[in-house]
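Let's take a walk through this one, starting from a single residue and working outwards to the whole chain. Keep the viewer open as you read.

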Amino acid sequence: MAVEVRRTASGLQLDLTGQWGLPDIEAARAQLAAVDLQRVRAVEVDTRGVAALDLSGAWALQEFVQRAEAAGVEVSFAGAPPDQLRLIEQTLKQPETTVAGEGGSFEAEGLLHDIGHYAVHAGRDALQSFAFLGHSLVTLLASLRSLRRLRPISVARHVYDTGITAIPITALIAFLVTVIIAYLSAQELRGLGVDIYVVDLVTLGVLRELGVLLTSIITAGRSASSYAAELGSMQLNEEVDALIATGVDPYEVLVVPRLLGFMIALPLLTVIADLVGLTGGALLCRFLLDMPLTQYVNRVNESISNTAFWVGIWKAPVFAMLIALAGCYRGMQVRGSARELGHKVTVAVVQAIFLVILADAVFAVVFMKLNI
C-alpha cells in the first residue's frame with residue numbers, strides 16, 4: 001500500500017494505492033499521520049487505485065479524516081467514498097429518535113404538509129432507485145470480464161429457485177387462463193359462424209401477451225418477495241455489513257447473480273407457458289368445437305406471424321430485470337426490525353407487478369408504432 005501526496009491549488013490530493021488490509025494497518029496509519037495539514041484548506045482523497053480495502057484499512061482512513069476535520073480542513077473524495085468508510089460513519093453516528101409513522105409524520109400540520117412530505121419522499125426514493133440501478137448495471141458489466149466474478153454456481157442456483165421450481169404453478173395458471181379465454185371467445189364467435197378464429201385469438205394472445213405477462217406476474221409474487229426477504233434478513237443480521245467490512249462488494253455477490261439467474265429463467269418459463277397455453281386451447285377446441293387436432297395445428301401455423309413468438313421472448317428479459325431489481329432494491333433497504341422487513345417485501349411485490357404492467361404497455365405502444 002502507498003499514499004502519494006500532491007499539492008494542488010486548493011490544498012492537498014492523496015492518491016491511495018495497493019492493498020489496504022489488516023497486515024498493512026500500521027504502515028497505513030504511519031503514512032497518513034505523516035501528512036502535514038498545516039496551512040491546508042482542503043484535502044481530496046482518491047481511493048480509485050486501491051486494490052482491496054477492508055474495515056481495518058477504512059478505519060485508518062477514518063482516523064485521518066477525523067484529524068483533518070478537527071484541524072479545520074475540508075475533506076472530499078474523488079468519486080464516491082468507499083462503502084467501508086460509510087459503514088464506519090453509520091456505526092459511529094448516534095441514532096436519531098423520531099416519532100414518524102410508517103406512512104408519514106404524526107405531526108402533520110395539514111394537507112400541504114402531507115403533499116410536500118410524500119413528494120420529497122418519492123423524489124428521494126426515485127433518486128436512490130436510479131442509483132441502485134446504475135450501481136447494479138456497472139457491477140454487472142465489470143463482472144463480465146471474468147467468469148469467476150459472474151459466480152456461475154450462484155447463478156445456477158437462482159435459475160433453479162426462480163425457474164425450475166416455478167414451472168408447475170406457471171404451467172397451471174397458463175393452462176387455466178388460456179382455457180377461460182378460449183371458452184369465452186368460442187361462445188361469442190360460434191354464434192357468428194367464425195369459430196375457427198378462436199385459434200387465431202388464442203395463438204396471438206398467448207404468444208404476444210398472455211404467456212409472458214402471466215408468467216411475469218406470477219414470478220413477481222414469488223421471486224421479488226423471495227429476493228426482498230433474503231436480502232432484508234441479511235441486512236437485519238448485519239451480513240451485508242460483514243461483506244463490506246471484509247472488502248467484498250455486496251452487489252457483485254448478492255445482486256448480480258440474482259439478476260442474471262432470473263433473466264435466464266423467465267424466458268424459459270415463458271416458452272413453457274406458451275406451449276401449455278396452446279395445449280389448453282387445443283383441448284378446448286377439440287371438446288367444445290369438435291375441431292380435429294390436425295386442423296388446430298394447421299390454423300396455429302397459419303396465424304403465427306414472423307414476430308409473434310419473438311415479441312413475447314423479447315419482453316421476458318426486460319420484465320425479469322425489473323422484477324429482480326425491485327426485489328433486491330427493497331431488500332437492501334431493510335433496516336431496524338422485522339416489521340420493516342415485512343413492509344419492504346410487500347412494497348417489492350407491488351412495485352414489481354406495477355413495473356411489469358407499465359413496461360408491457362410501453363412495449364405495446366412501441367411495437368404498434370414499429371408495426372411489429
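Gln 128 sits in helix 4, which covers residues 111-143. Keep in mind that what you are looking at is a predicted model. Is Gln 128 buried, exposed or partly exposed? With a relative accessible area of 44%, it counts as partly exposed, since that label is used for values between 20% and 50%. Leaving out residues up to four places away in sequence, Gln 128 touches Tyr 329 and Gln 333. If you want to get a feel for distances here, pick Ser 223: it is 95 residues from Gln 128 in sequence, and their C-alpha atoms are 22 Å apart in space.

Now go to Thr 170, in helix 7 (residues 167-192). Thr 170 is buried, because its relative accessible area is 2% and the cut-off for buried is under 20%. And what is around it? Setting aside its neighbours within four places in sequence, Thr 170 makes contact with Thr 215, Ile 218, Leu 269 and Ala 273.

Gly 280 is another one to click on, and it lies in helix 10. Its relative accessibility is 0%, so Gly 280 counts as buried. Which residues does Gly 280 touch, once those up to four places away in sequence are not counted? They are Phe 175 and Val 179. Ala 182 is 98 residues from Gly 280 along the sequence, yet in space the two C-alpha atoms are 8.6 Å apart.

Stay with helix 10 for a moment and follow the chain out of it. The loop between helix 10 (250-288) and helix 11 (293-303) holds Asp 290. Asp 290 is not a glycine, but its phi is positive all the same, at about 55°. As for its surroundings, Asp 290 has 59% relative accessibility and so counts as exposed.

A second residue of this kind turns up after helix 13 (338-369), in the segment where Asn 371 is found. Asn 371 is a residue other than glycine with a positive phi, near 60°. It is exposed, with a relative accessible area of 73%.

That brings us to helix 13 itself. Helix 13 has 32 residues and runs 47 Å from its first C-alpha to its last, close to the 46 Å expected at 1.5 Å a residue. Its buried residues include Leu 341, Lys 344, Val 345, Ala 348, Ala 352, Val 356, Ala 359, Phe 363 and Phe 367. Look at the numbering and you'll see many steps of three or four, which is where a bit of general geometry helps. An α-helix has 3.6 residues a turn, so residues three or four places apart point the same way. Charged residues are on the buried list too, Lys 344 and Asp 360 being among them. Which helices help to cover the buried residues of helix 13? Helix 8 (197-236) and helix 12 (308-332) are among what covers them.

For another helix, scroll back to helix 2 (residues 55-70). Helix 2 has 16 residues and reaches 22 Å from first to last C-alpha, close to the 22 Å expected. Buried here are Ser 56, Gly 57, Ala 58, Ala 60, Leu 61, Gln 62, Phe 64, Val 65 and Ala 68. The cover over these residues includes strands as well as helices: strand 2 (11-20), strand 3 (42-53) and strand 4 (74-77), along with helix 1 (25-33) and helix 3 (83-92). After helix 2 comes Gly 72, with a positive phi near 80°.

Time to zoom out. The protein's secondary structure adds up to 13 helices and 6 strands. Its radius of gyration is 27 Å, well over the 21 Å that the globule rule gives for 372 residues, so the protein is more spread out than a compact globule. The C-alpha trace spans about 95 × 55 × 40 Å along its principal axes. Of the 372 residues, 42% are buried. Among contacts with a separation of 6 or more, 81% are between residues 24 or more positions apart.

Finally, the surface and the charges. The accessible surface comes to about 19,800 Å², and 63% of that belongs to carbon and sulfur atoms. There are 27 positive and 35 negative side chains, with the centres of the two sets 4 Å apart.

Terms used. Residues are numbered from 1 along each chain as its sequence is written. This is a predicted model: local features need pLDDT of at least 70, side-chain atom pairs count only at pLDDT 80 or more; totals for chains, interfaces and linings use all residues. Side-chain values use heavy atoms; hydrogens and water are left out. Helices (H or I, at least four residues) and strands (E, at least two) are DSSP runs, numbered from the N terminus. The expected span of a helix is 1.5 Å times one less than its number of residues. Buried means under 20% relative accessible area, exposed over 50%, partly exposed in between (1.4 Å probe, protein chains only). Contact means heavy atoms within 4.5 Å. The radius of gyration is taken over C-alpha atoms; the globule rule is 2.2 Å times the number of residues to the power 0.38. Accessible areas come from the Shrake-Rupley method with a 1.4 Å probe; for residues, only the protein chains shown count as cover. The place of a charge is taken as NZ of Lys, CZ of Arg, CG of Asp or CD of Glu.
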